[in-house]
Each structure stands twice: as structure tokens, then as C-alpha cells.
Amino acid sequence: MSTLVKNILRFALFIMVQVFVLDKIHLHQMVTPYIYFLFILWLPFRMGRTWQMIIAFALGFAMDSFRHHPGFHTAACVLIAYIRPFLINLLIPQEGADTNYEEPSFKSMGGMLPYLIFTGVLTFIHHGWLFLLEAWQFGNIWYFLIKTLLSTAVSLLLIIITELLFVRKQKFRTNTI
Amino acid sequence: MRNIFLFIRRYFNFLFFLLLQGFSIYLVVHYSRYHNAVFSNTANQLTGKVNEQYSKVEYYFRLKKTNDSLVKANEKLYNKLKADFELPDTTSKTVLDTIRVDSIEQHRKYNFFSAKVVYNSVAAQNNFIVLGRGSAQQLKEGMGVVDPNNGVVGIITEVSKDYAVVMSLLHKDSRISGKLLKGGETGTLSWDGKTPNIISLTGIPKSAKVIIGDTIISSGFSTSFPKGMMIGIVNEVTPEKSTSNFLIKFKSAANFYNLEYAFAIDNKQTEDINNLLDKVKKKTQ
């Protein structure tokens, strides 16, 4: 399957899962799990940064359309799309790993730990910015902090489960020859 | 000039990021103005369709609960039948009007429109409900919405052709006035964004007698709801330290977790009242 088709399908699937499965689960008022932004984390390495942001904008906007209040998810998604390339540069182990594989995963990031740091940091930033914008109008700092931490933990757990359940086969592409 | 171009080229990504981020935050802040223009027409119509498909599936699993609530509503209506009342005394007999014109239609103030709930959320801090009925089916902005047992749910904020978006009581901007059934004191409902089904009522003076279990009803001061629609039952009463008011927490009568059907209430006098208010506003300006 071509990268384009694969990503279009993923886009639709992630939005559907978020809106119709995760949003229907009411764990606790402090815990709102999100997973749709994993789409942004899974974008190919070689995609231009401007395009990443445009796609993140579209994803956030689609999410907001279901919530009937534009802006919140859009802002959070654009933010993580902007930060993503910096993190990849920091965490990628050896020179050229990002050209050998297509997209971030346990394997292409060189092990469990770098990938977990990658997802953990971006999840935290996404949730933090999203809840900060939401909490702006309520103005309760403790509520905001605890909600961010707990939700990040649950979302991260969901992401790990997703990674283990849906193993993405990735070809090792070498450009040395 | 050349330097400016170089600067833009060098920091293009960052500038683009700032632009997108700024636009998003603009949307968050200037929500309502933008919302009315673009969102209600295209996005609502689109997401409404998707939601409708999903709710068809979910509806099946909730048939039992829906049935129960309809039976309850029926029971209430049966109890209002004329046949249920006996009139032993001729002085207390209701006298029927003998005017030839249809007097009921002339004096009708409220009209109820049933609608299927197509989308519903409780987990966010600003919650909305989408009804599968829109402006083509007589719904208008500003109509009140109640559940089958007359528990207040919210107010319609936008309508598209086939769908209507309801700002539920579980929304930070929702300001509906509520009244204590016993004492008659009126206050404002607001939600703190924490527990669904638990809402606060502010503006009730400490002189009022409130106890846990008291009923809160709609005041009838706004054009959205008739007087006496059930809003909730008092759960907790705490005196506010800085003001002379109580802070009352109550459990909402409508259960926001499993709404299936709702009724939108059309007030025939809304236009009249609003015209009058506009006139007064113009005079005072």
C-alpha cells in the first residue's frame, strides 16, 4: 500500500476511534484519554516540516468539528507537529537511521526507550497545551496539572498497547548502494 | 528588502508555525462569531451525518432504557387526563369557553418538537448535544431542550438544515436561571467543568430555606423554557464566605449519560418579547 493511501486510512480510523470509542468512555473526570494524535507521530520521517504542520492542522480541525468548538485540538496538534522533528533529531541513535526506515517505531528509533521518550514527551506536550487552553477559562492550576499528568499516563498506556497490537512491518531501506 | 526575504526563508517553518498556532487560538477565543458563519453550515451538516450513522447502532443497545423513560413520560400524561379528575361540586367545575374560533390554538404559547439525539458528550469541559432535526424541521436558535420527562437539558445554539447543536447544561457558558420550588428564590445555573450530572446554582440568598432534597425548577423568566420544568434536586448546600449567598450543588434531573430523545420547546411569544426588549435598549442608549 502506498504511503499516501495508508495515511489517509489512518487519518479516518484514528478520528473514528477517538470520537466513537474513547470519547464515549468516561473513566474519571480527571482522565480523558486521547490517541488520535498518534497519527502525527507516525508520519514519515522524510515529510517536509511545513507539510507536517498542515496535516496536523487538518487533523486537529477534523477533531474539533466533532467537538463543536474549533481551535483546541488544532492548536495542540500543530504544536506537536512543530516540535516532532527536533525530538527525532535528538533521539535518533546513529547517523542515517531516519533514512533507513520510513516512520518512527520501536525498531527505527533504535529500541524501546528512545521511542517511549519520543511518544511520552509529545503526549505530555499535546495534553498540557490542550488542557491549558481548556482550563484557561476555569483557572484552576492544580486541577490542570493533575489532569494533564493522569491523562498523559493513560494515553501513553493506550499508545503502547496499540503499538504491541498492531505491529507495523517496516522494510529496512538502505541507500548506501 | 533582500534581508527580509532571507529572514522569511530562513525562519519559514517557525513563522508558519506561529501563524497556524495564532489562528487556532484566535478560533478558541473568537469562537461564537466565527462559529456562526462557517461551522454551523458545513461542518455541522458533515459531522451530523457521521454521528447519525453511529447513533443508529448505539440506539439499538439502549432500546430498553429509552422504552423505560417513554413509559414514565406516558404515565405522567395519563395522570393529566381529564377523566382522572372528579368534580363533585358544580362551583368548582371548569367552564368551557363557547367562542366559535379555536381558542386553544390562539392561546397556545409553547409547542414541543421531538428530536432524536444524534451526538452527545459529557467528558469535555464544554459539552454539546446534536439533535437530528434542523431549521428545515422548525427548530430555531434559542429554543430550550428538555428530556422526555421534562428535565432541562440545554438551549439550541445553532441550527443547520437538518441538525441542531444544543449547548448542554454541562457547558461553562451555559447560563440558565433556576428557581427553588419551595421558596421561589431565583438563581443562575453554572457548571464547574468537573462532575457530569452535578451542577451548581448560585445567587440564592442565605435567608432562603434550602435543604438537601429540595427541587429546582425552571423560572420561566427566559423565553426558552416554560415555568416549572424540572432542573434537579439539591445535593449539597454551602454558604459562600465572601457573599451573602448560598452555593448549591444539585443533581440534574436529566441524565446526560444516556439521552436518546429530547424535546425542543418553541415559545410563540419569543419574537414579540425580543422586539420589545430591543425597543427598550434603543431608548436607553
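# A walk through a two-chain model

Chain A has seven helices and zero strands. Reading along its sequence, you meet the pattern α-α-α-α-α-α-α. Please keep in mind that this is a predicted model. Of the 177 residues in chain A, 36% count as buried. Among the contacts in chain A with a separation of 6 or more, 62% join residues 24 or more positions apart.

Now turn to the partner. Chain B comes to six helices and 12 strands. It has 285 residues, of which 31% count as buried. For contacts in chain B with a separation of 6 or more, residues 24 or more positions apart account for 61%.

Let us begin inside chain A, with a pair of helices. Two packed helices are described by the angle between their axes and the distance between the axes. For α4(A) and α6(A), the axes come within 9 Å and cross at roughly 155 degrees. An angle over 145 degrees counts as roughly antiparallel, and α4(A) and α6(A) are therefore roughly antiparallel to each other. The crossing in which α4(A) passes α6(A) is right-handed. If you would like to trace the contact by eye, look in α4(A) for residues including A:Phe72, A:Ala76, A:Ile80, A:Ile83 and A:Leu87. On the α6(A) side, the residues they meet include A:Ile117, A:Val121, A:Ile125, A:Trp129 and A:Leu133. Sorted by class, this contact of α4(A) with α6(A) has 17 nonpolar, two polar and two charged residues. A:Arg84 of α4(A) and A:Glu134 of α6(A) are also among its members.

The next stop is the place where the chains touch. Here chain A contributes 26 residues and chain B contributes 27 residues. On the side of chain A that touches chain B, the elements giving two or more residues are α3 (49-67), α4 (72-91) and α6 (112-135) of chain A. Of these, α3(A) gives the most, with seven residues. By class, the residues on this side of chain A divide into 12 nonpolar, 10 polar and four charged.

Helix α4(A) deserves a second look here, since it also packs against a helix of chain B. Its axis and that of helix α2 (residues 12-29) of chain B come within 8 Å and cross at roughly 165 degrees. That makes α4(A) roughly antiparallel to α2(B). The crossing of α4(A) and α2(B) is left-handed. From α4(A), the contact is made by A:Phe72, A:Thr74, A:Ala75, A:Val78, A:Leu79 and A:Tyr82. From α2(B) come B:Phe17, B:Leu20, B:Gln21, B:Ser24, B:Ile25, B:Leu27 and B:Val28. The residues of this contact divide into 10 nonpolar, three polar and no charged.

From the helices we move to the cores. In soluble globular proteins, nonpolar side chains tend to be buried together. In this model, the largest nonpolar core has 49 residues. Those with the most contacts inside it are B:Leu131, B:Val145, B:Val152, B:Val153, B:Val166, B:Ala262 and B:Ala264. Strand β4 (residues 152-159) of chain B gives the most to this core, with five residues. B:Ala264 is a good residue to explore: leaving aside neighbours within four places in sequence, it is in contact with B:Phe113, B:Ala115, B:Leu131, B:Leu139, B:Met143, B:Val145 and B:Ile156. Apart from the largest core lies another, of 32 residues, including A:Tyr34, A:Phe39, A:Phe72 and B:Leu20. You have already met A:Phe72 and B:Leu20 in the contact between α4(A) and α2(B).

A few single residues of chain B round off the walk. B:Glu58 is found in helix α3 (residues 31-61) of chain B. With 16 C-beta neighbours inside 10 Å, B:Glu58 counts as partly exposed. From B:Glu58 to B:Val118 is 60 residues in sequence, and 9.8 Å in space from C-alpha to C-alpha.

The last two residues are picked out by their backbone. Most residues other than glycine have a negative phi. B:Gln138, however, has a positive phi, near 75 degrees. B:Gln138 lies in the loop between β2 (128-131) and β3 (144-146) of chain B, and with 13 C-beta neighbours inside 10 Å it counts as partly exposed. B:Asn197 has a positive phi as well, near 75 degrees. Its place is the loop between β7 (186-190) and β8 (198-205) of chain B. With 17 other C-beta atoms within 10 Å, B:Asn197 is partly exposed.

How values were computed
Residues are numbered from 1 along each chain as its sequence is written. Chains are lettered from A and ligands numbered from 1 in the order in which they are written. This is a predicted model: local features need pLDDT of at least 70, side-chain atom pairs count only at pLDDT 80 or more; totals for chains, interfaces and linings use all residues. Two residues are in contact if their C-beta atoms, placed from the backbone, lie within 7 Å. Helices (H or I, at least four residues) and strands (E, at least two) are DSSP runs, numbered from the N terminus. Ala, Val, Leu, Ile, Met, Phe, Trp, Tyr, Cys and Pro count as nonpolar, Asp, Glu, Lys and Arg as charged, and the others, Gly among them, as polar. Axes are lines fitted to C-alpha atoms, for helices over the stretch in contact, and angles run from 0 to 180 degrees between N-to-C directions. Angles under 35 degrees count as roughly parallel, over 145 as roughly antiparallel, 65 to 115 as roughly perpendicular and the rest as oblique. A crossing is left-handed if the near helix is turned anticlockwise from the far one by less than a right angle, and right-handed if clockwise. A nonpolar core is a set of buried Ala, Val, Leu, Ile, Met, Phe, Trp, Tyr and Cys residues joined through C-beta atoms within 7 Å. A residue is buried if 20 or more other C-beta atoms lie within 10 Å of its own, exposed if 12 or fewer, and partly exposed in between; C-beta atoms are placed from the backbone.
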